[in-house]
Amino acid sequence: MNLKRLTLLAFATVVLAAAGPAVSQFPEPLLGAWEEDAGKTLMNVQPERIALFDGATLSFRGLIRTETDSLVLRNEGLKEFWKYKLLENGKLSVETGKGRMLLNRLNAPPPAVQLEPLPLGAATALPADRVLAIQNEIATRFRHEQDLVKDPARKSGYPAAVAENRTYLVNLIREIGWIDSGRFGSQTALYATIIAKHTEDLGLMMTALPFAESAFKDSGDGQTYAVLYDAFQLHIGEPQRYGTQVGEDENGNPFLLPVENDDVAAVNERLRSMGIPPLEKYLEDLRVALYPDKKEIRIAKEAAY
C-alpha cells in the first residue's frame with residue numbers, strides 16, 4: 001500500500017535506545033558505518049537502527065524483522081523493504097525501493113550519522129524585562145504558526161514560519177539555555193516545546209524532550225510531552241508510546257501508527273497515569289477535528305500495514 005505519515009500540527013536524558021524491546025537485530029556483518037561509492041549517502045548500522053545521511057538530512061530506519069537477504073524496516077512508523085547483499089570485494093549492495101546503493105565500509109561513524117542534542121547556554125537568571133520580551137516573542141511566534149495552519153488562504157506560509165522559528169529558538173537556547181518553566185513560566189515553556197516539535201529538527205526535539213518530561217508529564221499538560229515524545233520516537237525508527245500520531249493509507253483513511261508491542265491496553269495505562277483520557281477518546285477527538293467525514297481512525301497491529 002502507498003501509505004504516508006501524517007504530521008500532526010497540534011500541539012531523564014533522551015537516548016536513542018529508549019523504546020521497548022526490539023524484535024530482532026541487524027545481521028552482524030552489516031553493523032558499522034558505510035559510505036556510498038558514488039554519492040553523498042552515509043549509513044551507520046546499529047544493532048536495532050540505521051542512521052542514514054543523504055547529504056542534507058539525517059533520517060533513521062528501525063528494524064522490524066530480518067528476512068533472507070532482506071530487511072523489513074520502520075520509517076516514521078511506515079514499513080519499508082530493503083534488499084541487501086555483501087559482495088566479495090567487501091562492498092555492500094542495498095536496494096531501498098528508490099534505487100540501488102553500493103557502499104564501502106568506514107572505520108568509524110562520521111558525525112553526520114550521529115544524533116546529539118543541541119548545545120545549550122547556561123540557564124542563569126535573566127532581567128525581568130528580558131524574560132518578558134522572550135515570553136512575548138515566543139507567544140507571538142506560536143500564535144502566528146497556529147493562525148497560518150487554521151487559515152487555508154495562508155497555510156502555504158507555514159513552512160517558512162516554522163523555519164524562522166527554528167532559527168530563532170536554536171539561537172536563543174544556545175545563548176540562555178532551554179526555555180524552562182522555572183524562568184519563563186509553564187505557558188511559554190509549553191509554546192517553546194510545541195514550536196520545537198513542529199520544526200521536526202531531531203537535535204532540537206531531542207534537546208527539548210527531558211525538559212518537556214520534567215515540566216509537563218505529570219502536570220496536567222502531559223499530552224504536550226506525549227506528542228513530542230511520540231513524534232521523536234517515530235522519527236528515529238521506533239514505535240510510539242502514547243498513541244498520539246496517525247498516518248493515512250492510499251485512500252486517505254487514517255490509522256494509528258505503531259505503538260510499542262502493539263499493546264493498546266499498555267498505551268491506555270500510560271495515558272491514565274499521566275491524567276490523559278484513553279486512546280479511544282483522543283482518536284475520536286482527532287477524527288472530529290481532522291477527519292469529520294471518516295468513520296474512525298483505524299487501530300491495527302503493525303503487521304497489518
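Which residue of β5 does F53 stand opposite? Keep that in mind as we walk through this predicted model; in β5, the partner facing F53 is L58.

Those two residues belong to a pair of strands worth finding on your screen. Strand β4 covers residues 49–53 and strand β5 covers residues 58–67. The two run antiparallel, with five bridges joining them.

Now widen the view to the sheet around them. β4 and β5 are among eight strands that close into a barrel, and you can trace the order as β2-β3-β4-β5-β6-β7-β8-β9, with antiparallel pairing. On average, and ignoring direction, neighbouring strands in this sheet are turned by 35 degrees against each other.

Next, let's turn to a pair of helices. Two packed helices are described by the angle between their axes and the distance between the axes. Here, helix α1 (residues 128–150) and helix α4 (residues 186–199) have axes that come within 9 Å and cross at roughly 45 degrees. Angles from 35 to 65 degrees fall outside the roughly parallel and roughly perpendicular ranges, so α1 is oblique to α4. The crossing of α1 past α4 is left-handed. On the α1 side, the contact is made by Q135, I138, A139, R141, F142, R143, E145 and Q146, while α4 contributes T188, Y191, A192, I194, I195 and H198. By character, the residues of this contact divide into seven nonpolar, four polar and three charged.

Finally, step back to the whole protein, which holds eight helices and eleven strands. Its radius of gyration is 20 Å, close to the 19 Å that the globule rule gives for 305 residues, so the protein is as compact as a globular protein of that length. Along the principal axes, its C-alpha atoms fill a box of roughly 65 × 45 × 40 Å.

Conventions: Residues are numbered from 1 along each chain as its sequence is written. This is a predicted model: local features need pLDDT of at least 70, side-chain atom pairs count only at pLDDT 80 or more; totals for chains, interfaces and linings use all residues. Side-chain values use heavy atoms; hydrogens and water are left out. Two strands pair if DSSP finds at least two bridges between them. Helices (H or I, at least four residues) and strands (E, at least two) are DSSP runs, numbered from the N terminus. Axes are lines fitted to C-alpha atoms, for helices over the stretch in contact, and angles run from 0 to 180 degrees between N-to-C directions. Angles under 35 degrees count as roughly parallel, over 145 as roughly antiparallel, 65 to 115 as roughly perpendicular and the rest as oblique. A crossing is left-handed if the near helix is turned anticlockwise from the far one by less than a right angle, and right-handed if clockwise. Contact means heavy atoms within 4.5 Å. Ala, Val, Leu, Ile, Met, Phe, Trp, Tyr, Cys and Pro count as nonpolar, Asp, Glu, Lys and Arg as charged, and the others, Gly among them, as polar. The radius of gyration is taken over C-alpha atoms; the globule rule is 2.2 Å times the number of residues to the power 0.38.
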